[in-house]
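Please open the model in your viewer and keep the selection panel at hand. The stops below say what to pick at each step and what is to be found there.

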2 protein chains.
Amino acid sequence: MSAISERRERERAHRHQLIITAARELAETEGWEAVTTRRLAERVEYSQPVLYSHFDGKDAIVSAVALDAFTELAAHLHRARQAAPGPGQALRAVGGAYLDFAVQRPALYQAMFILPTDLKFASAETPAPMRACFDEFVACFPPENERRELFAEVTWSALHGMAVLSESGRIPSGWQEERLDLLVTRFAGTAG
Amino acid sequence: MSAISERRERERAHRHQLIITAARELAETEGWEAVTTRRLAERVEYSQPVLYSHFDGKDAIVSAVALDAFTELAAHLHRARQAAPGPGQALRAVGGAYLDFAVQRPALYQAMFILPTDLKFASAETPAPMRACFDEFVACFPPENERRELFAEVTWSALHGMAVLSESGRIPSGWQEERLDLLVTRFAGTAG
DNA sequence: ACAGAATGTCTAGCATTGCTACAATGGCGA
DNA sequence: TCGCCATTGTAGCAATGCTAGACATTCTGT
């Protein structure tokens, strides 16, 4: 009874991931509004109810995709920060990478930061990848700065605002570089 | 044929506004997800199709509510800026008023800045109230600053990010005052 | 004043959504 | 081999945005 149920467990986990990647692919190619439970079920070649045996609902599936995406974003930001020529350039590098991610992977960005999800931000049980993302921003400021978290929150907010307002056409999308420059020069200066 | 059709026109305009205010009230008391075409029709005591004789669809109704709200936000920001003790305090006053609006009128804020709308931002045919809102941010920076618009875009983006990330629980909502302080001290300094 | 045209409104319905109750199937253990 | 239990699919619910067609009401021309 052990080996069999283990295999079942494996299969189940595999299918779990299959659903997540199918949802992600569908969202990335056709947008989240095209991700319906029916289309998703057809895509994984199962019927709808199996989705609900794996996830509490559609929001939970979005959350699962978002969680995966957080891991990737954290790595993306980390790479950018490491590649920065000096600590003074860290914020520019991370900010640029962040905006780049928002443009290159709009569906993932939506799942992470716009759509309603079950994910807990900024609390004790915040998943590690999410904290890692935030920490990349924090690491852009020197440890002497006692308000690093606050700096990170504000710069992140600014970048998020820029990303989402330009995506929805509320500010012209052609000047993101200049906006990033301005933000960085205003925040990367003296600690305080 | 003139007087009668004029009266009809009047009645029609009245009903048009009735729909908008009904949608707004419903959204403000129960949230936009409660604003369905059926409930809205029942509320204005007409059948659903009349909504579509006034608006192209639900998004257009949201847009109409948002447009009204822009007028109010512009006035709100303007009052705050006028009440600021000096030009150095303008940005703080306007930023504070902006965040206040986002918290006090979350449904309107959503309609204006989050939900998909038909409204044209940052273009020639941008409605006056929307431009007025943006101009309040621009006016927070001295005319000598040749990049006032850029400054306005970035500070607005930051405020929007703060508003939306705290509303959705992605950053703790208890530190908005501190974030605003930091943003203002970083941007209200020397022109440039 | 009255028939016909145009305008306006409602009833009823379509296709789609997220989600679920229930039945049937099929593989497991005894 | 038989019965049981988990797993999966069929079919359906209530709600959504939106619309076609019938109905009534008002206006126009004789």
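Select B:Ala158 to begin: in this predicted model, its C-alpha atom lies 1.7 Å from the rotation axis, which is the closest approach of any residue of chain B. To see what that axis does, superpose the two chains; a turn of 180 degrees, with a shift of 0.0 Å along the axis, lays chain B on chain A with an RMSD of 0.0 Å. That is the relation of a two-fold axis.

Next, select the contact between the chains, to which chain B contributes 24 residues and chain A contributes 24 residues. On the side of chain B that touches chain A, the elements giving two or more residues are α8 (148-167) and α9 (176-187) of chain B, and the largest share, ten residues, comes from α8(B). If you colour this side of chain B by residue class, you will find 15 nonpolar, four polar and five charged residues. Because 100% of the interface residues of chain B are also interface residues in chain A, the copies meet through the same surface.

For the last stop, move to helix α1 of chain B, which spans residues 2-30, and pick B:Glu6 within this helix. Is B:Glu6 buried or exposed? B:Glu6 is exposed, because 10 other C-beta atoms lie within 10 Å, and a residue with 12 or fewer such neighbours counts as exposed. Finally, add B:Ser123 to the selection and draw a distance between the two C-alpha atoms: B:Glu6 and B:Ser123 are 117 residues apart along the chain, and their C-alpha atoms are separated by 34 Å.

Definitions and conventions
Residues are numbered from 1 along each chain as its sequence is written. Chains are lettered from A and ligands numbered from 1 in the order in which they are written. This is a predicted model: local features need pLDDT of at least 70, side-chain atom pairs count only at pLDDT 80 or more; totals for chains, interfaces and linings use all residues. Copies are superposed by least squares on the C-alpha atoms of residues with pLDDT of at least 70 in both. Two residues are in contact if their C-beta atoms, placed from the backbone, lie within 7 Å. Helices (H or I, at least four residues) and strands (E, at least two) are DSSP runs, numbered from the N terminus. A residue is buried if 20 or more other C-beta atoms lie within 10 Å of its own, exposed if 12 or fewer, and partly exposed in between; C-beta atoms are placed from the backbone. Ala, Val, Leu, Ile, Met, Phe, Trp, Tyr, Cys and Pro count as nonpolar, Asp, Glu, Lys and Arg as charged, and the others, Gly among them, as polar.
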